[in-house]
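Got your viewer open and ready to click? Let's take a short walk through the hollows of this protein, one selection at a time.

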Amino acid sequence: MFGKSDKKDNIEMITGNPKKAILKLSIPMMFTLLISILYNVVDSIWVVGLGPEPLVAMGLITPLYMVIISIGNGIGAGANSLISRYIGAEKYTQANNAGIHALLLSIIFSVIPGLTILIFLKPVLILLGAGTSLKYGMDYSSVIFTFLFIIIFATVLTAIFRAEGNIKTVTFALLFSSLLNYILDPVFIYGLNLGIAGSAWATVLSALISIIILSYGVWIRKSTFLNLSFKTFSFSSDIIKEIFLVAIPSSLQLIIMALMFAVVNSLLLEVAGHTAVAVVTASFKIILLANLPLNSLGVAALTVVGIGYGAKNYKNLMATYYHSIKLGFIFTFIIVIFIFLFSSEIAHIFSYNNQNAILKPYIASTIRFLSLYVLVSAPALMSYAFFQGVGKGIYSLILNFISSLLLESIFAYIFGLIWGWGVEGIYSGLIFGCLLGSILSYIVVMRFMNRFKKDSTE
């Protein structure tokens, strides 16, 4: 796990054949993300036992949580992109310094937002439509946002490991911390009678364990390729600028997703009430699993694209982009077939008690609908990762804004409310808008690559 001989192997792997690198990075990453997603699914499964209101509370909190956690994901993406480009250009001192900058930024930009959210938590939850689930929302959110710095620091540290191709250690850390979460959830929620707050405590403590494992590899065993010693830290406004050129657009993309999720919740409340929100909240846990191959490929592509761009290798850039889309279609198509065949059995996971049994057929139909959304999103997600990898985060942000907040939200509103198709119309609008967004994203990447090829040959 912490073998020093792996340092060179990791670098040779991500700087070699891009197709092989994508596969070698994405397969372990799928396992890693699967652990992370199951981590969230298990939370929901245990919370379901408390009744429908706590599950509704988690659904309404999701957009708010996504907005804040996007800070860590953004800084992580910015660090991953910059470190990969430095490695591709063989600028290793700058790569080390970029990693240290990212860790410091993760602390600064988690404590302040976390405390701010705590101050305005109650009115924000009311604004989101908490209603009778307000108490559950307060119980869960107060713990999460108090210790937000732990979750974000773990996210950024993980991204640094990925940037140097060190997936083995990341996988171990996530596996161990997630197993701990699986154990702590029922103990805290039911054994200690903490209710929904117990789920939040399990999440925070599990993230802390992940930090301890990764920190041991970096600062005790010193088994990473990057030298993340704060003694060698040299402040650089250019590094901060480069990180934020990807971090800010990346964070805003997740905020866009959160806003889109909030729009969907409001549309569902309009046409079907709180039951529909509970259904889509449970369904999105399963859709996260269906989306796992694309997320894994996107993370892998970001690193490999950064390497290729830093080395100014047009051929490797194109190979990475095309291969990631191809693999994305293959993997998600298999998963969509599986969901259609076993949707009822999957839905039972979130309807195992008498209070939620009525939700089962609705959850089954919803995950069938939304699995198609995942299938058509492959080119869009790979395009977002591509532009983050080359350090052009603004391109990724604009494309995501057009696809999610404009096309998907607008067509969900048109199909669901204006045309009167109801819940099915909302889901159909999401799928159609996503398809248009994928087509647009592919066209923009091709135009960018044509300019890059021309500049590289001059």
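A cavity here is a set of grid points where a 1.4 Å probe fits but cannot get out, and its volume is the space filled by probe spheres set on those points. Keep in mind that you're looking at a predicted model.

**Stop 1: the enclosed spaces.** There are two cavities of 30 Å³ or more. Head for the second largest cavity, which holds about 40 Å³ of space. Select Leu-25, Met-29, Arg-162, Ile-167, Ser-296, Val-299, Ala-300 and Thr-303, and you have its lining. Now color helix H2 (18-48) and helix H12 (292-310): each puts at least two residues into that lining. H12 has the largest share, with four. By class, you'll find five nonpolar, two polar and one charged residues around this cavity.

**Stop 2: the largest pocket.** Keep H12 colored and add helix H3 (52-88), helix H10 (237-272) and helix H17 (422-457); each of these four helices lends at least two residues to the pocket's lining. Which helix gives the most to it? That's H3, with three residues. To center your view, pick Arg-85, Tyr-309, Gly-310, Lys-312 and Val-390, which lie nearest the pocket's centre among its 15 lining residues. The volume is about 300 Å³, and the lining includes five charged residues alongside seven nonpolar and three polar ones.

**Stop 3: the second largest pocket.** This one has about 200 Å³ of space. Leave H17 on and show helix H11 (274-290) and helix H14 (360-376), since these three each give two or more lining residues. H14 supplies the largest share, four residues. Among the residues to click are Tyr-362, Phe-369, Glu-424 and Tyr-427.

Methods. Residues are numbered from 1 along each chain as its sequence is written. This is a predicted model: local features need pLDDT of at least 70, side-chain atom pairs count only at pLDDT 80 or more; totals for chains, interfaces and linings use all residues. Side-chain values use heavy atoms; hydrogens and water are left out. On a 1 Å grid over the protein atoms alone, a cavity is a set of points where a 1.4 Å probe fits but cannot get out, and a pocket is an open set with protein on both sides within 12 Å along at least five of seven lines; lining residues have an atom within 4 Å of a point. Ala, Val, Leu, Ile, Met, Phe, Trp, Tyr, Cys and Pro count as nonpolar, Asp, Glu, Lys and Arg as charged, and the others, Gly among them, as polar.
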